[in-house]
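Work through the exercises below with the sequence and the 3D view at hand. Each task is followed by its solution.

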Amino acid sequence: MSEPKRLHPIVIVLTIGKRIKDFIFTFIALFFIWNKGEGGKLLLFGASAIAIIGIILVSILSWLRYTYRLE
């Protein structure tokens, strides 16, 4: 049996890109919904920042969690 291995760390960047691509339509919809006045822009920026930070954290944690073995 072999020891548990992880995928290459570039998988984190690829996963972040894939998840942002999946959420791009949500970001566009929120842009048109909340783009009314100064408060809407701040809310849009805050929600986008929280979503991107969440995507980055989930991508890193999923990379850390996923291991495989060759038998």
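The exercises use a predicted model and deal with one helix, its salt bridge and a surface patch.

**Exercise 1.** Determine how far helix α1 reaches and where it bends.

*Solution.* Helix α1 covers residues 10–34. It has 25 residues. The expected span is 1.5 Å times one less than the number of residues, which for α1 gives 36 Å. From first C-alpha to last, α1 reaches 34 Å, close to that expectation. The helix bends by about 45° at F23.

**Exercise 2.** Find which residues form a salt bridge, and explain their spacing in α1.

*Solution.* A search of the whole structure returns one salt bridge. Its partners are K18 and D22, with the closest N and O atoms 3.9 Å apart. This falls within the 4 Å cut-off. K18 and D22 are four residues apart in helix α1, so about one helical turn separates them. An α-helix has 3.6 residues a turn, so residues three or four places apart point the same way. D22 is at 45% relative accessibility and therefore counts as partly exposed, because that class lies between the 20% and 50% limits.

**Exercise 3.** Sort out which residues of α1 are buried and which residues make the nonpolar surface patch.

*Solution.* The buried residues of α1 are I12, T15, I16 and F27. The patch consists of I24, F25, I28, F31 and F32 and has an area of about 530 Å². Take F25, which lies in α1: its relative accessibility is 65%, so F25 counts as exposed, the limit being over 50%.

Key:
Residues are numbered from 1 along each chain as its sequence is written. This is a predicted model: local features need pLDDT of at least 70, side-chain atom pairs count only at pLDDT 80 or more; totals for chains, interfaces and linings use all residues. Side-chain values use heavy atoms; hydrogens and water are left out. Patches are made of residues with over 30% relative accessible area and no salt bridge: like charges are joined within 9 Å, nonpolar side chains (Val, Leu, Ile, Met, Phe, Trp, Tyr) within 5 Å. Accessible areas come from the Shrake-Rupley method with a 1.4 Å probe; for residues, only the protein chains shown count as cover. A salt bridge is a side-chain nitrogen of Lys or Arg within 4 Å of a carboxyl oxygen of Asp or Glu. Helices (H or I, at least four residues) and strands (E, at least two) are DSSP runs, numbered from the N terminus. Buried means under 20% relative accessible area, exposed over 50%, partly exposed in between (1.4 Å probe, protein chains only). The bend at a residue is the angle between axes fitted to the seven residues ending there and the seven starting there.
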